[in-house]
Amino acid sequence: MDKLTILVGVIALSASLAHSKVYADLEQLDLAKESYDFVIAGGGIGGSTVASRLSENTRFNVLLIEAGPNNEGITDIAVPAFFRNINSTYSWGHVTTPQTGLNNRTLPFNQARVLGGSSSHNGMVYTRALFPYFLRNEKLVPPPGGRDATGQYDPQFHGHSGPTSVSLPWGGPTDFDLLAMKNAEQSREIQFNLDVNSGKPSGLVWIQATIGNGERCSAAVGMLGGGVRERPNLTVLLNTQATRVLRSTESAQLDVRTVEVRSVATGKMATVTAKKELIVSGGAFETPHLLLNSGIGDKEELESVQVKSIHHLPDVGKGLSDHLAFQPLGWSANDVVRPVDNASAFEEWQTNRTGPLTEAVGHQVLFARIPPDAPLFQEHFDPAAGPNSPHIEISFRHAGPRVTGFVALLTPKSRGTVKLASNNPLDKPLVDLGYLTHPFDILAFKEGIRIAKRWFEGPAYEGYITGFLGPDPDVLPKDEFENAFRERVTKYGVLDPDLRVQGVKGLRVVDASAIDGRSSREDEDLEEDDDEEDEGGQDQDVKA
């Protein structure tokens, strides 16, 4: 090989690497020399996925902008069991407004501010959406350690070559798991369901999680891993916050393809204009916050905080919905504590990526529908997406002589808002989840608690469960129960059909804010019609 050939090869490689960059700060990006067909503001699940898919086409030059840092090399993010330890560096630090339905309590809301978004700090439980489309996204892998999980899932409902690793728990079945299986065999209300992702999720199911080789498989790992970040037509810009979207041209139709950004470290400001489209993917809070700061929203509300309206779109920031959980219910049990040696468990994880730290939220969970003859349906219509969509999710933890249960409402009717606190884009938005402001929700929670009570009254638990510790909606006076409930509960029409902002050219939204409020985490299976069949998206839904 002659020197000229080597020189040309080095020059070509250098040119490729020059474009194949993950920049840690705005200061490192020379916007004067770069242009992009698509600019994506927000590197969460939606942003990471769209950046990965768009950059598959080598004709497109793609810029992905994320306000938070890189996900790589962060042990608390990688180790599944450490997800509750992830520190505030990787969170926006939102706090709700006082919640009238929760006795005016405010709640911290741990929304991710890191590449991969909520998939980099959530509990990793995998409940996918439309079948068969998600098969392309999924790669079902053996549980950490390689145990045989036959009989705990149905392979026909899973993909095997996608970017997102999905697995069953490392351990099990434990004695507690086997009791649950036996109870499901004898129960007429809640039976064993071989696969939560079959399109009919109700029943006792084994948890599936976005975990591969004992590590979290976030969107940043799955969609931006495997060489994706090395694509010469993809640029990832970290620690850079989108503050406003701006008019790009003075055309008759509002043309918004420009985003104003700010370095988190230095405060440097810049603008980037997409040649084709600007895609907003800031999440259920930050996307409406960005649009409102840009003058896209209810004109009267914007003017009240001195933001100039450029496009009157009253629904922006309205219809916020979240899945709330009641914790904890308690049962006394005939069992002993089995402590985990955390130091040994961490050493095992470091050595071979196996052991108890590869599990985040247990082995099994219950999904249930409220009985159709329940009194609340005489007053309220059923908000579930369809006859196969559960209303209630119940998870359990057992620690010696006590079993605790957590009841989540998947189909709340309460709605909230995201509004501006001021005209400063750096001020956090006013996030009002509207928890328990609709009477249906507390009635539905009561039914969920009754389902949990009936479950542990099953014959399989005779001699193991020795009593219900409450709180019990069938024993306590109504006011006393509801007051205790409100103290113990915790958080667990803007777009067109193609997710483009109505009346605006060049601006699209791709994140949880685009999800219709009627959706639950597990939408109705549509196999009867089209062989198709929700986390799968985030838990917060809001009109962008």
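**Exercise 1. How many of the 544 residues of the protein chain, as a percentage, count as buried?**

Solution. Before starting, note that this is a predicted model, where local features need pLDDT of at least 70, side-chain atom pairs count only at pLDDT 80 or more, and totals for chains, interfaces and linings use all residues. Residues are numbered from 1 along each chain as its sequence is written, and side-chain values use heavy atoms, with hydrogens and water left out.

Step 1: buried means under 20% relative accessible area, exposed over 50%, and partly exposed in between, with a 1.4 Å probe and protein chains only.
Step 2: by that rule, 56% of the 544 residues of the protein chain count as buried.

**Exercise 2. Find out why helix H6 is largely enclosed by the rest of the structure.**

Solution. Step 1: helices (H or I, at least four residues) and strands (E, at least two) are DSSP runs, numbered from the N terminus. The protein chain has 11 helices and 27 strands.
Step 2: H6 covers residues 283–293, and 11 of its 11 residues are buried, so H6 is largely enclosed by the rest of the structure. Among them are Phe285, Glu286 and His289.
Step 3: look just after H6, where Gly295 takes a positive phi of about 90°.

**Exercise 3. Describe the largest cavity and its lining.**

Solution. Step 1: on a 1 Å grid over the protein atoms alone, a cavity is a set of points where a 1.4 Å probe fits but cannot get out, and lining residues have an atom within 4 Å of a point. The volume is the space filled by probe spheres set on the points, which are joined across faces, edges and corners.
Step 2: the largest cavity holds about 360 Å³ of space. Of its 30 lining residues, the closest to its centre are Gly42, Trp92, Ser281, Gly282 and Glu286.
Step 3: H6 returns here, giving the largest share of the lining, 5 residues.

**Exercise 4. Place strand E19 among its partners.**

Solution. Step 1: E19 spans residues 364–368, and 5 of its 5 residues are buried, so E19 too is largely enclosed by the rest of the structure.
Step 2: Gln364, Leu366 and Ala368 point one way from E19, while Val365 and Phe367 point the other way.
Step 3: two strands pair if DSSP finds at least two bridges between them. Strand E8 (residues 203–206) runs antiparallel to E19, joined by 4 bridges, and Gly203 stands opposite Phe367.
Step 4: strand E20 (residues 392–399) is also antiparallel to E19, with 3 bridges; here Ala368 has Ile392 as its bridge partner.

Terms used:
On a 1 Å grid over the protein atoms alone, a cavity is a set of points where a 1.4 Å probe fits but cannot get out, and a pocket is an open set with protein on both sides within 12 Å along at least five of seven lines; lining residues have an atom within 4 Å of a point.
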